[in-house]
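Trainee: Hey, can you walk me through the sheets in this one?
Mentor: Sure, pull it up and we'll go through them.
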Amino acid sequence: MKAFRFILLLGLSWVGLASGHLIEDADYQAMKKKSSAQTGAPPKTAEPFLKFPEAVLLDWDEKYLYVGSDGLPDHPMMIGITAWQQQVPLPQSYYGENAWPIPLHPIPSANGMSAKTNFFRGAIAVAANGIPIFNPIKNDGRTDTYLAGELDDYGGHCGRADDYHYHVAPWHLAERLGPSLPLAYALDGYPIYGLSEPDGGSVTGLDSFHGHTNGLGEYHYHASKSYPYINGGFHGEVSVQGGGVDPQPNATPVRQATSPLPGAKITGFEMSADKKKYQLEYVQNGKNGSVNYEILNGGKVQFSFKNPDGTTSESNGKTGRKGGGGSRPPPPEGNQRQGGPRMEGDGQPRKPWIENHLTEMDGNRDGKLSQEEMMAEVNKTFTGYDADRNGQISQVEANGPGVRSAMAGFVKRHFAEVDKDANGAISLEELKALAMKMWEKYSWGEGSGSSQRPPPQN
Ligand SMILES: [Zn+2]
Ligand SMILES: [Zn+2]
């Protein structure tokens, strides 16, 4: 017990030293306090995470283990990426209320849920070093991030909030964990082991989620070097909201969404010991570019860009600012195609808007748009535009450089119609309400004679 408390304290002091204002927030303080007050032995689920005391802060109650981290691993990040969205790693506050909850007593679900058709938003597992692991298929529902060159040498990259995460198994952790401990835990509470059994034996009889039950009646997953890479879905119960496991932590964007930089390959990345200064280097068409950024006091992030064309620019990443990456290279032509046929002023499409954008939103490619797919699109669009995360899309945010989603152009062009209460900002409820109206109409008319009633709105 004493040894364990010591380990926790070590973890705390490291985080305390290494972090800036971005993570020493109320969530962090609360978790630190609760964690130090734990007196009982940590649950078994904590074992792999305890191997990374410098990276992970742990707390637990009867139901969950809470894994806290700043979202930044101690290995080189970003190097090796050949399909880059111009996002960079920044520390996150996965602490306290925003820590990763892992069920201590997983419950097998009746049918399970496949990650081939679900969970394109957010994480599906957490690695032993506290870094989230997302579905290897990204949120367009089709792209294998690993095969597409989107991942660095460690299987990770950064998301919309400049949040670093893996999309495949964190093999590099195996050395420290040994074969007897899992590499990660899935968010349903079952462990994910490597290529062999915990006792070193070979793996046989995996189900479609890449898991099986051992002789003791315990279920676990196995990671693999090709798809599904990690758990291929959930054997256990999880609750789903907006196309992702819910609840799970939020990452906080500090700037507007950025766009892909075609042909760029990331060649270098450095982070200072205090995690405040960063440099990313890349090559595009034989020319060098770099992004230097620094977290200043108060959490403001200062970016400076050296573009391959020789130009330089600066920008501040902080809430509610228009223009995102300042004078970064303009997004390539292909990404501006949000338009398609236009929606009519009264919300009644000439040809139903959903039909025109079906393929973009049809995550499981079954040729139909489910309510869940519609809601995933709403959430993606909303999160993309709501740069300062205040729960509203302001006019300024809507006129920002754009979000890559089918619905983004619609929101931009029809701001006033979506803003039903005309308060000058779009709430998530307003966007949902309009999307549901369109979806119900679509769903009733879809495949004429379909008796399928739309499920009730939530
Ligand atoms: Zn990702
Ligand atoms: Zn096994």
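Mentor: Let's chat about two sheets and a helix.

Trainee: Anything I should know before we start?
Mentor: This is a predicted model, where local features need pLDDT of at least 70, side-chain atom pairs count only at pLDDT 80 or more, and totals for chains, interfaces and linings use all residues. Residues are numbered from 1 along each chain as its sequence is written, while chains are lettered from A and ligands numbered from 1 in the order in which they are written.

Trainee: Ok, in what order do the three strands sit in their open sheet?
Mentor: The order is 1-2-3, with antiparallel pairing. Strands are DSSP runs of E, at least two residues, and helices are runs of H or I, at least four, numbered from the N terminus. Two strands pair if DSSP finds at least two bridges between them.

Trainee: Which strands stand at the edges?
Mentor: Strand 1 (57-60) and strand 3 (100-103); each has a single partner strand, so one side of each lacks a neighbour in the sheet.

Trainee: How many bridges join strand 2 to strand 3?
Mentor: Four. In one of them, Y66 has P101 in strand 3 as its bridge partner.

Trainee: Switching topic: which strands make up the open sheet of five?
Mentor: They go 16-17-18-19-20, paired antiparallel. Strand 16 (264-271) and strand 20 (312-317) are the edge strands, each pairing on one side only.

Trainee: And how many bridges are there between strand 19 and strand 20?
Mentor: Six, linking strand 19 (residues 301-306) to strand 20 in the antiparallel sense. There, S304 has E314 of strand 20 as its bridge partner.
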